Structure formats: C-alpha cells, structure tokens
Amino acid sequence: MKQSRRVLASALTVMVLVAAGCGRSDNKAQTASSSSASTAASGSSASSSSGTSLADGGFGDIAKVCSTGTAKGATATGVTDTEIHVGTLTDKGSTIKAGLTKEMFDAAVAFTTWCNEHGGILGRKLVLDDLDAALFNYGTVITGACAKDFALVGGGAVFDDADNGMRVQCGLANIAGYVVSAKARVAGLQVQPVPNPVYKLPVGGYKGAERVAPGGLQAYGVLTGNFASTQLVRDQDVEAVATLGGKVVYNAEYNATGESNWAPFVDDMKSKGVKILDYVGEPENMVALQKAMATAGFYPDATILNANFYDTKYFQEGAATAQNTYVRTQFIPFELAAENKATQDYLDLMKQYNPSGKVAGLGVQGVSSWLLFAKAATECGSQLTATCLIEKAKVTGWTGGGLHGADDPGTNTPSNCVIVLKLSASGFAIDQTATAPNQGKFNCSPDNVVDLKNDYGVPR
C-alpha cells in the first residue's frame, strides 16, 4: 500500500516537472472573460495572414510542415521507402492514474493524420505507435520501440530512467514532449523542444512575484511534497532564488498524498513572515492549503505556482479561496487563442483531426515536438538517420510556430520569456504588473534564466 501511494504521488506531481512547459487546463471551460483576454495582451490574431492555414499544411507561423516528395531508403529502423514509424510515450493506461498524459497521444493522432494528409515527410507516411508505459512498463515499452520505431516524438513517461539507458544504446532518438528524472534530462540522442534541463532554470516567475510583492524574495518560503521528483524541483528553485539575492525563511515538506490538516503549515508560514510562497505540487493539495489560509486569515503577498496549475479543475475548485495567486508559463493561454494563430491552430487541429481527443496544455507541448520533428526529418530527406534527426533538431529560437516563448533546443536552454497569469474568480488572465511584457505578450530577458551550480546527482 505504501508503494502504491508513492507511485500515485509521482503520477500526480509529474506535471510539476514540465514546469518549463504548460499546464493541463482545457478549453472546454471558460477560465477568463473574453474582455480580460482581449485587453491582456497584444499579438497576431487567429485570422492573421502570417503563416498559412492548416488546410494548406501550415501551422502558426510555419508555412509548410509536411509535404509530398521523393525521399527513399531504409536508412534506419522504422524507416522504409514509404513509411516512418514513430512512437509517442504516455502513461495513459495506468490503473492508478487513468489517462495520465493521454492528451499527448491524442495530439499525436491529430498531428500525424494531418501531416499524412499533406504528404507526410517528403512522401513517407507517418505510422504512429501507441507506447503506453502505464507507469510501470517503461523498460518493456522501450524494448519494443527499439525493435520497430525510428524515433520517440511528443510524449513522456513518469519513470523515464527505468530502461537503464536502453533507448540510447539501441539508437532510438527522442524529440521529447517532456522528461522527468535528472538522468533522463541529460540523456543522449535527445532534443527537448521545450527544454527542462538540470543545470539551468527560468526565474522570470520569481521576478514577476517580486513586482507584485516588492521585497518578497527576502522572505521567501517553499513548500513541497515529500517525494524525490518534487524535491528535485524544490532544490533547483531554492538555488535559483539564492542567485536573485533571495532569503529562505520557510522550507517545509508535506505528505504528497495529502494532509488531514493544513492549518499547522499556514501557522508556520505566518509566524516566519513568508511574503512570497513557492508551492511545488499539484492543484488538489493547493486547494486544501488555500482553504486553510482563508480560515486563518493569512495569505502570503504572492504565491507563485508552476504551469501545471493552469488547470480548469483548479479554477473551479480553488478560485474562491485563491488570493494573490500567480502561475508562470511560457505558453500562450487558451483564453487568447483568438489573438494567437498557433494556439488557435492547435485547437482547430484537434477539432478537425481528433475531435474526441483531450485538449490540454501538454497536448500543445506535444505538438511543438511534432513540429520540430517534421522540420528536422524533412531536412534529412533520404539520409534520415537518428544522428541526422537530432542534429537538425538542434535549433535556436524555437517557438513551436508561435505556441510558446523562444527556446533553444540546440543548447538545451529554456525560454527566457515568461507570462505570469493571475487567478481570480473570473479565471486566469495575464497579470500586466507581474509579467511586465516587453516582447508582445511576454517578458523576455537573458536574466530570466540562471545557471545552477549543483549537479543534482548527474555530474556534468
């Protein structure tokens, strides 16, 4: 029973580990008023003439993604004259957390169907394999993929270090949707379109919290679940805050499967004068914590959350008691799809090519991976090998066609662009003070990413 609880905690907190990416909110519930969305940011509209339409094979500001052609040759496992076999990892078949990251496979179905409609990769059709690790079967799934697939694209798994390096040994490339463990983050034969490295961390969210709570980093508190994955994130956050001159006045852990009484945590924060709280975990526990804050009549001046809190369920269950609550992200929120062509293209892609599929933030992140895969594979042409794919995917300034702030997959450097959302009773909306936009909807600066000194168990 204890092991099952720990596995469940890992499944629930996996979204924290893709904090460089986006959250899980879907577009089926309105989480911000349209008036708030339209005044919150500027940028190209979905009807903009920049780029081309999905019907023409374009996505966002990418004019041509897939196309007909004459690429040939059995150049690698999973590659023939007519097909390229690719797999997308998820844990959607888990009996502990059913449907975990299902949105990534659903996005893969939509993308590959759309891509093949426009000719595939220079005439080679994409054949999608469903690689469901179901939490416990990662090693087995990788063994199977090594025998049949050219690459992994647009997915991820909670226990992504459980293959003991088999993926790299068999030459299976990974254009990752996300990676979790420190070991997986530094693995070879891999490119992260939305990087989540071990040795660098975005700090734009902390700067945003400081803007709305001046001096708050001098009374910084952090609360995290007592699980190795979230502890890694916590340790990175604490080191990053120190580089900004912050001072930790509170550092505590809670039971990742939940607490029966959150009041002692709130009392401790209050006694230690926490002004900015960094909460590392998942929305369900945060709702309970903020209810305890409401009862105690104490809230930090700012609570800063990772992108997994951009979540419809968190809005529905927690907005009433969420005061001074901010979420950092590098993705354009769904509320602004009408103003951002790439975001609208994702929604339209799902509607047209997988209407029963789950629409969610990690699905968007998966599409960014597929777009980079298509670009790199097309450039390789008839010389399509794992080595070529990875080299061509090492680009700079990657935005997924405009889905997110610019990343540098080539150096595994996360985006230095950030959007800070504020949660209120009307939903999520970009907070102009916290974001301080200087590049469209984003705040972008080289200082928004810091280098970390600790090796976190994977010496560089």
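**Exercise 1. Describe how helix α9 and helix α10 pack, giving the angle, the axis distance and the residues that make the contact.**

Solution. In this predicted model, begin with the geometry: helix α9, residues 263–271, and helix α10, residues 283–296, pack at an angle of about 60 degrees, and their axes are 9 Å apart. Next, classify the angle; since angles under 35 degrees count as roughly parallel and 65 to 115 as roughly perpendicular, this value makes α9 oblique to α10. The handedness follows as a separate step, and the crossing in which α9 passes α10 is right-handed. Then list the participants: α9 contributes Ala263, Phe265, Val266, Met269 and Lys270, while α10 contributes Leu289, Ala292, Met293 and Ala296. Finally, sort the residues of this contact by class, which gives 8 nonpolar, no polar and 1 charged.

**Exercise 2. Decide whether Tyr250 is buried or exposed, and find which residues it touches.**

Solution. First locate Tyr250, which is found in strand β8, residues 248–254. Its relative accessibility is 2%, and because buried means under 20%, Tyr250 counts as buried. Now look for its surroundings, leaving aside residues up to four places away in sequence: Tyr250 touches Tyr220, Gly221, Val222, Leu223, Phe265, Asp268, Met269, Lys272 and Val274. For Gly221, a distance can be added, as its C-alpha atom is separated by 4.3 Å from that of Tyr250, although the two residues are 29 residues apart along the chain. Two of the names link back to the first exercise, for Phe265 and Met269 touch Tyr250 and also belong to the contact of α9 with α10.

**Exercise 3. Work out which residues of helix α4 are buried, and where they lie around its axis.**

Solution. Start with the buried residues of α4, which spans residues 138–148: they are Tyr138, Gly139, Val141, Ile142, Ala145 and Cys146. These residues cover an arc of only 160 degrees around the axis, and therefore they sit on the same side of α4. A general rule helps in reading such a pattern: an α-helix has 3.6 residues a turn, so residues three or four places apart point the same way. Turning to the other side of α4, one finds Thr140 and Ala147, which are exposed. The last step is to ask what covers the buried residues, and the cover includes β1 (83–90), β2 (125–132), β3 (151–153) and α5 (166–169).

**Exercise 4. Describe the crossing of helix α13 and helix α14, and sort the residues of their contact by class.**

Solution. The axes of α13, residues 361–380, and α14, residues 386–393, come within 8 Å and cross at roughly 120 degrees. That angle makes α13 oblique to α14, and the crossing is right-handed. On the α13 side the contact has Leu372, Phe373, Ala376, Ala377, Glu379 and Cys380, which meet Cys388, Leu389, Lys392 and Ala393 of α14. By class, this contact holds 8 nonpolar, no polar and 2 charged residues.

**Exercise 5. State where Asn324 and Asn412 are placed, and what phi each has.**

Solution. As background, most residues other than glycine have a negative phi. Asn324, in the loop between α11 (312–318) and β11 (325–329), has a positive phi near 55 degrees. Asn412, in the loop between α14 and β12 (417–424), likewise has a positive phi, near 55 degrees. As for accessibility, Asn324 is partly exposed with a relative accessible area of 27%, and Asn412 is partly exposed with 21%.

Methods: Residues are numbered from 1 along each chain as its sequence is written. This is a predicted model: local features need pLDDT of at least 70, side-chain atom pairs count only at pLDDT 80 or more; totals for chains, interfaces and linings use all residues. Side-chain values use heavy atoms; hydrogens and water are left out. Buried means under 20% relative accessible area, exposed over 50%, partly exposed in between (1.4 Å probe, protein chains only). Helices (H or I, at least four residues) and strands (E, at least two) are DSSP runs, numbered from the N terminus. The arc is that of the directions from the helix axis to the C-beta atoms. Contact means heavy atoms within 4.5 Å. Axes are lines fitted to C-alpha atoms, for helices over the stretch in contact, and angles run from 0 to 180 degrees between N-to-C directions. Angles under 35 degrees count as roughly parallel, over 145 as roughly antiparallel, 65 to 115 as roughly perpendicular and the rest as oblique. A crossing is left-handed if the near helix is turned anticlockwise from the far one by less than a right angle, and right-handed if clockwise. Ala, Val, Leu, Ile, Met, Phe, Trp, Tyr, Cys and Pro count as nonpolar, Asp, Glu, Lys and Arg as charged, and the others, Gly among them, as polar.
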